[in-house]
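Student: Could we go through this model together, with a reason behind each answer?
Tutor: Gladly, let's have a look.

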Amino acid sequence: KILILDFGSQYTQLIARRVREIGVYSEVRAFDITEDEIRAYNPNGIILAGGPESVTELDSPRAPQCVFEMGLPVLGICYGMQTMAEQLGGGVEGSQKREFGYAQIRLDGESALFEDIADHIEDESGKRLLDVWMSHGDKVARVPEAFSVIASTESCPIAAMAWEEKRFYGVQFHPEVTHTLQGQRILEHFVLGICQAERWWTPAQIIEDQVARVREQVGDRHVLLGLSGGVDSSVVAALLHRAIGDQLTCVFVDNGLLRKDEGDQVMKTFSSHMGVRVIRVDAEEQFLSRLEDVHDPEAKRKIIGNTFIDVFDAEAAKIEGVEFLAQGTIYPDVIESAAAKTGKAHVIKSHHNVGGLPETMKLQLVEPLRELFKDEVRKLGVELGLPYDMVYRHPFPGPGLGVRILGEVKKEYADILREADAIFIEELHKADWYHKTSQAFAVFLPVKSVGVVGDGRRYEWVIALRAVETIDFMTARWAHLPYELLETVSNRIINELEGVSRVTYDVSSKPPATIEWE
Ligand code: XMP
């Protein structure tokens with residue numbers, strides 16, 4: 001396995017994901033890890049990741065010196081390369097100017113890191129060239145003794161360096177991003193060739209591992225899980241069912257704000273097909289009555305969250321002998337909350353769905369996805385036999401349709417919205433556009449607009465359609481859906497749904513518009 005030390009770059013998680021895609025386990029830890037912690041983790045090699053600070057500043061972060069004294073291979077990326085150079089006696093040059101974007105590096109000499117890799121061959125010198133992605137201000141100006149320069153560009157004469165005998169490498173560019181065409185092969189050379197790490201991190205292996213761990217943690221005791229129908233809790237349910245069968249009880253709360261047929265689908269998949277014990281709580285009335293007369297979006301979110309906790313706790317209290325609560329916490333949540341604690345967080349998600357633990361119950365946590373990225377969770381879901389459509393479904397917010405009905409939530413509105421949303425999604429699937437968008441849904445606008453039906457004028461509700469493309473949900477572009485598709489959806493919604501006379505398409509990007517309308 002590989003250890004990745006975090007200096008605060010937004011790409012650090014991506015490095016971990018890329019290493020795991022190779023089939024090698026990797027974890028991200030803060031740069032100030034101790035030698036004992038490194039030894040306990042026992043990596044085959046260490047990657048020093050990028051960071052926003054400058055090595056030329058006195059109080060900027062450094063790798064623990066022991067990293068270079070343990071006999072392990074080390075790869076420094078960007079800031080990681082600079083701190084490696086500085087800590088081993090080389091020099092780093094500060095700069096106000098950032099180099100950002102594509103660059104072509106020329107490889108010098110033979111290095112295990114770049115073995116057999118080339119995007120182009122330079123005509124006059126016959127040297128190999130690579131297309132890479134750079135993003136840096138500072139750069140290494142002088143390599144430490146014993147190192148050699150293994151790649152360069154015009155503006156960055158030391159674009160990569162190596163001390164082959166020690167297996168120390170530094171690259172100024174970012175091999176983890178896809179813009180660096182051979183990036184994955186470079187990481188493979190480091191992880192498999194240089195570190196000699198084994199490839200055992202596969203979905204089947206992860207499941208086997210986690211099943212054993214859960215059995216060991218839980219023994220013959222009972223576990224409770226809040227099943228939402230979302231990817232994470234669904235995969236936890238399937239995994240725990242495999243590990244402990246009937247010792248798992250799931251509680252599925254239908255808050256009346258779910259998508260069309262969602263509750264039935266969850267029951268069919270888990271209860272009927274897989275034989276998981278699921279208690280379905282129909283709490284629509286409780287949620288909707290508490291939402292009466294509430295217009296403020298944040299107040300609505302709070303009410304929905306608190307009502308969920310109340311309903312869940314009341315149900316949990318009826319089940320006897322439960323000692324564990326399972327949660328679908330995934331690795332990015334873990335890294336983010338750790339980063340938030342050390343103050344090195346650059347991106348912190350503001351939403352989360354998990355309610356607090358019922359205090360009186362004193363439950364221990366079971367979190368079998370704590371080490372996994374979302375794409376790994378999905379692969380696990382497929383391997384565990386969950387339907388593909390469930391595992392690769394668009395994300396759905398915890399407050400559900402509650403934040404897609406603007407202003408006050410009413411059953412009448414939710415019923416119309418559910419149908420409109422189902423039509424939109426069905427047509428996206430038919431036109432093969434569903435998986436080309438990252439999230440798509442309908443929004444209910446409680447304004448009346450005029451329509452003419454037969455001889456009469458009718459004043460009816462408006463439905464807005466929203467579809468976006470995004471990688472990280474922090475920024476998003478509205479999806480350029482074909483006009484014909486929008487036309488079909490609009491016709492169907494207006495013809496099939498009573499009470500809707502107008503459909504609009506949202507062409508706002510994020511920022512400044514958020515993906516949801518509330
Ligand atoms: P925004 O609207 O902030 O949404 O651009 C970004 C992503 O987060 C989802 N979202 C939520 N998820 N509880 C959730 O669990 C919430 O309150 C919430 N609000 C937004 C949204 O669907 C999108 O995927």
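What follows is a set of questions and answers on this predicted model.

Student: Let's start with the overall layout. Into which domains is the protein chain divided?
Tutor: The assignment of the bounds is an automatic or database one. Going along the chain, it gives domain 1 (2-194), domain 2 (203-391) and domain 3 (410-505).

Student: How many residues of domain 2 are in contact with domain 3, and what is the character of that side of domain 2?
Tutor: The C-alpha centres of domain 2 and domain 3 lie 29 Å apart. Contact is a matter of C-beta atoms within 7 Å, and seven residues of domain 3 take part. On the domain 2 side there are six residues, which divide into three nonpolar, one polar and two charged.

Student: Which residues touch the most other members of the largest nonpolar core?
Tutor: That core has 136 residues. Helix α6 (residues 231-244) gives the most to this core, with nine residues. The residues that touch the most other members are Val223, Leu225, Leu240 and Cys250.

Student: Taking Cys250 from that group, which residues is it in contact with, leaving aside its neighbours within four places in sequence?
Tutor: Contact again rests on C-beta atoms within 7 Å. On that basis, the partners of Cys250 include Leu225, itself one of the residues with the most core contacts. The full list is Leu225, Leu227, Ala237, Phe270, Val276, Arg277, Val278 and Ile279.

Student: Is Leu325 buried or exposed?
Tutor: Leu325 sits in strand β16 (residues 322-326). A residue counts as buried if 20 or more other C-beta atoms lie within 10 Å of its own. Leu325 has 21 such atoms, so this residue is buried.

Student: And how far apart in space are Leu325 and Glu367?
Tutor: In sequence, 42 residues separate Leu325 and Glu367. In space, C-alpha to C-alpha, they are 8.6 Å apart.

Student: Now helix α3: which strands do its buried residues pack against?
Tutor: Helix α3 (residues 79-87) is mostly covered, with eight of its nine residues buried. Among them are Tyr79, Met81, Thr83 and Glu86. Just after the helix, Gly89 takes a positive phi of about 105 degrees. The strands packed against the buried residues of α3 are β3 (45-48), β4 (74-77), β5 (91-93), β9 (139-142) and β12 (168-171).

Student: Asp116 and Asp293 have a positive phi; is each of them buried or exposed?
Tutor: Most residues other than glycine have a negative phi. Asp116, at about 55 degrees, is in the loop between β6 (99-107) and β7 (120-121), while Asp293, at about 70 degrees, lies in the loop between α8 (284-291) and α9 (297-318). The limit for exposed is 12 or fewer other C-beta atoms within 10 Å. Asp116 has 8 and Asp293 has 6, so Asp116 is exposed and Asp293 is exposed.

Student: Which peptide bonds at Pro511 and Pro512 are cis?
Tutor: Most peptide bonds are trans. In the segment after β21 (500-505), where Pro511 is placed, omega is near -10 degrees for one bond and near 0 degrees for another. The cis bonds are Lys510 to Pro511 and Pro511 to Pro512.

Student: Finally, which residues come nearest to the ligand?
Tutor: There are 14 residues around the ligand. This shell divides into six nonpolar, five polar and three charged. The residues that come nearest are Pro397, Gly398, Thr514, Ile515 and Glu516.

Methods: Residues numbered from 1 in each chain as written. Predicted model: local features only at pLDDT ≥ 70, side-chain atom pairs only at ≥ 80, totals over all residues. Contact = placed C-beta atoms within 7 Å. Nonpolar A, V, L, I, M, F, W, Y, C, P; charged D, E, K, R; others polar. Near = placed C-beta within 6 Å. Helix = DSSP H or I, 4+ residues; strand = E, 2+ residues; numbered from the N terminus. Core = buried A, V, L, I, M, F, W, Y, C linked by C-beta atoms within 7 Å.
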